[in-house]
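Hi,

Here is the structure I promised to pass on. Have a look at it first, then read on for what turned up.

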Amino acid sequence: MPNGSRTVTLDEALAIALDHLKSGRLDEGEDLYARILDADPGNAEAMHRMGFIAGRRGDMDRALDLLTRSVERAPDADALFNLGTLHHRALRTEEAIVAYHRALALRPDFPDAEYHLSEALQGAGRLDEALAALDTLLGRHPHYPAGWRQHGDIEADLGRPGAAVHFYEMALALNPADDLSRERLAAQEEAFRTRSAAMAARLPDGRHDLRDITILIPFRADSDDRRRNLRWIVGFLLKHVDATLLIGEDKDGPSDVPDALGPELAARCRHLHLRGNDTPFTHKAHLINRMAEAADTPIVALHDTDIVVDPVQYVLARDAVRRGGGLVFPYNGLFFWIMGREVLRFGYTLSAAPLNAVCPRFPLMHRNSPGGGAFFDRERLLANGGYNEAFLSWGFEDDEIVERFRRLGLGVERVPGPLYHLEHARPANSSEQNPFFEANRAELERVRNADGGALRADIAAGRLRRPLLSSRDLPPPVASPFD
């Protein structure tokens, strides 16, 4: 390659171009890498660096193309790391994880790749793997402050403010200029103080005083798992909180609650039984509204049959409603699916503590779930339409009320800590196989496309209410081609 009076070798040109790049002379580096590729179109190093420059300039498509071709031709740890960061920035998290793993396979001691891998794994909900990546990183490089901060972020996500404080303090000890760790440390210190105050305010019997709340538990005995979970959830709530529990059913025939709970637990709960629904599908939204109307406390809390949260989170959600929150989730959006022996352990202990300890091992079904439970000021909920009774069986009713409350200017808030969902069988009533699923989706889209004025008109005209579901509402069966 010509350079004044002599010819520069390809290796020399690559070294000069890299020096331009490290010194921030992107234009000079780009020009020289382009000339290298003219002379050697398949040069993996030049494609890698040109891809890096394209990414710095915001040309993500060109950057991705160049880096992908570079690692296909000659896998390199740095190129794979840069490819991973491109995928990460574009929210292609699984692709980023693959690239980081490939980089670490080539260079096992690569702290930046381990750190970014932990971030990507956290984003994908694979928290146990994220923590393992951080353990490896900090075991080798205990003076890597961003790793300690990242560990604090995961602990904060899991609702463990005391542990999060420790990790943020470590990050700040190593890098006192880390304003992000300082800000998150302050937030977790406040969360720890709030939790401690809630624990200190418990009643003499150890329960939290939630006597201003009615917990609404809509129930359909569509599996043995559901009956079991109702018994355990009611036992858990009665063990940890002093609140009114109202269990609702919408089905013809005798109630399934006494058999599911047994006489002792059933006697400690209120019960609302709506008859007239002669289908195998619940009309949950209609049932919740009738339960809210039947409640005589200022705050109501929807609580699905199969969910568990740390009892302190109920207190935090109740307090947020008292401060004016429109809809308050008693968790931060993380929705873990608990399976196998840990479900049985919960039934034995009736405690969230074991779930807090093991939850990273279980699938994270949602990072920002709208389901499972929600706290409301009772009068505000009913005045703003309650749950939308156009939703039948399972699917999207929780998404809709979040969308509607936001469009009506009512606050939607969350409190720290995750939610745990106990596994159960999923018959048609609890899955996408129910015959109303697509109609529910269409109603959600209608609400998403409506403004606050249109929604207020719907509420005033009673268009979010309808009679209880019955067999008259079922679609006709599909004719068999053999009939």
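Strand E6 (299–303) gives the most to the lining of the second largest cavity, with three residues. This is a predicted model, by the way, so please read everything below as computed from it. The elements that supply two or more residues to that lining are E6 and E11. The full set around the second largest cavity is Ile215, Ala301, Leu302, His303, Ile307, Tyr314, Pro330, Gly373 and Phe375. By class, that lining has seven nonpolar and two polar residues, with no charged ones. The space inside the second largest cavity is about 30 Å³.

How many cavities of 30 Å³ or more are there? The count comes to two. The largest cavity holds about 40 Å³. Its lining is made up of Leu302, Leu327, Phe329, Pro370, Gly371, Gly372, Gly373, Ala374, Tyr387, Asp398, Ile401 and Val402. Leu302 and Gly373 are in the lining of the largest cavity, and Leu302 and Gly373 also turn up in the lining of the second largest. For the largest cavity, strand E8 (327–329), strand E11 (373–377) and helix H20 (397–407) each bring at least two lining residues. H20 has the largest share there, with three residues. The classes for the largest cavity are eight nonpolar, three polar and one charged.

Now the sheet around E13. There is an open sheet of four strands in the order E7-E13-E9-E10, and its pairing is mixed. E7 and strand E10 (364–366) are the edge strands, each with a single partner, so one side of each has no neighbour in the sheet. Strand E7 (307–308) pairs with E13 in the antiparallel sense, over two bridges, and Val308 sits opposite Tyr420 of E13. Strand E9 (335–338) pairs with E13 in the parallel sense, over four bridges. In that pairing, Trp337 stands opposite His421, while Phe336 has Tyr420 as its bridge partner in E13. Tyr420 is therefore a bridge partner on the E9 side as well as standing opposite Val308.Is E13 covered on one face or on both? Both faces of strand E13 (residues 419–422) are covered. Leu419 and His421 are buried on one side, and Tyr420 and Leu422 are buried on the other. As background, side chains in a regular strand alternate between the two faces of the sheet.

Two helices are worth opening in your viewer.

- Helix H5 (residues 77–89) has 13 residues, and eleven of them are buried, so H5 is largely enclosed by the rest of the structure. The buried ones are Ala77, Ala79, Leu80, Phe81, Asn82, Leu83, Gly84, Thr85, Leu86, His87 and His88. They pack against helix H3 (44–56), helix H4 (60–73), helix H6 (93–106) and helix H7 (111–123). On length, 1.5 Å a residue gives an expected span of 18 Å for H5, and its end C-alpha atoms are 18 Å apart, which agrees.
- Helix H16 (residues 311–322) is mostly covered too, with ten of its twelve residues buried. Those are Pro311, Val312, Gln313, Tyr314, Val315, Leu316, Ala317, Arg318, Ala320 and Val321. One of them, Tyr314, is also in the lining of the second largest cavity. The expected span of H16 is 16 Å at 1.5 Å a residue, and its end C-alpha atoms are 17 Å apart, which agrees.

One residue to click on is Asp157, which is found in helix H9 (residues 145–157). Is Asp157 buried or exposed? Asp157 has a relative accessible area of 19%, and buried means under 20%, so Asp157 counts as buried. Leaving out residues up to four places away in sequence, Asp157 touches Gln122, Asn332, Leu334, Arg367, Gly417 and Pro418.

Finally, some figures for the chain as a whole. The protein chain has 22 helices and 13 strands. Its C-alpha trace spans about 95 × 65 × 45 Å along the principal axes. Of the 483 residues in the chain, 55% are buried. Among contacts with a separation of 6 or more, 72% are between residues 24 or more positions apart.

Cheers

How values were computed: Residues numbered from 1 in each chain as written. Predicted model: local features only at pLDDT ≥ 70, side-chain atom pairs only at ≥ 80, totals over all residues. Heavy atoms only, no water. Buried < 20%, exposed > 50% of the residue type's maximum accessible area, 1.4 Å probe, protein only. Pairing = 2+ DSSP bridges. 1 Å grid on protein atoms, 1.4 Å probe; cavity = no way out; pocket = protein on both sides within 12 Å on 5 of 7 lines; lining within 4 Å. Points joined across faces, edges and corners; volume = space filled by probe spheres on them. Nonpolar A, V, L, I, M, F, W, Y, C, P; charged D, E, K, R; others polar. Expected span 1.5 Å × (residues − 1). Contact = heavy atoms within 4.5 Å.
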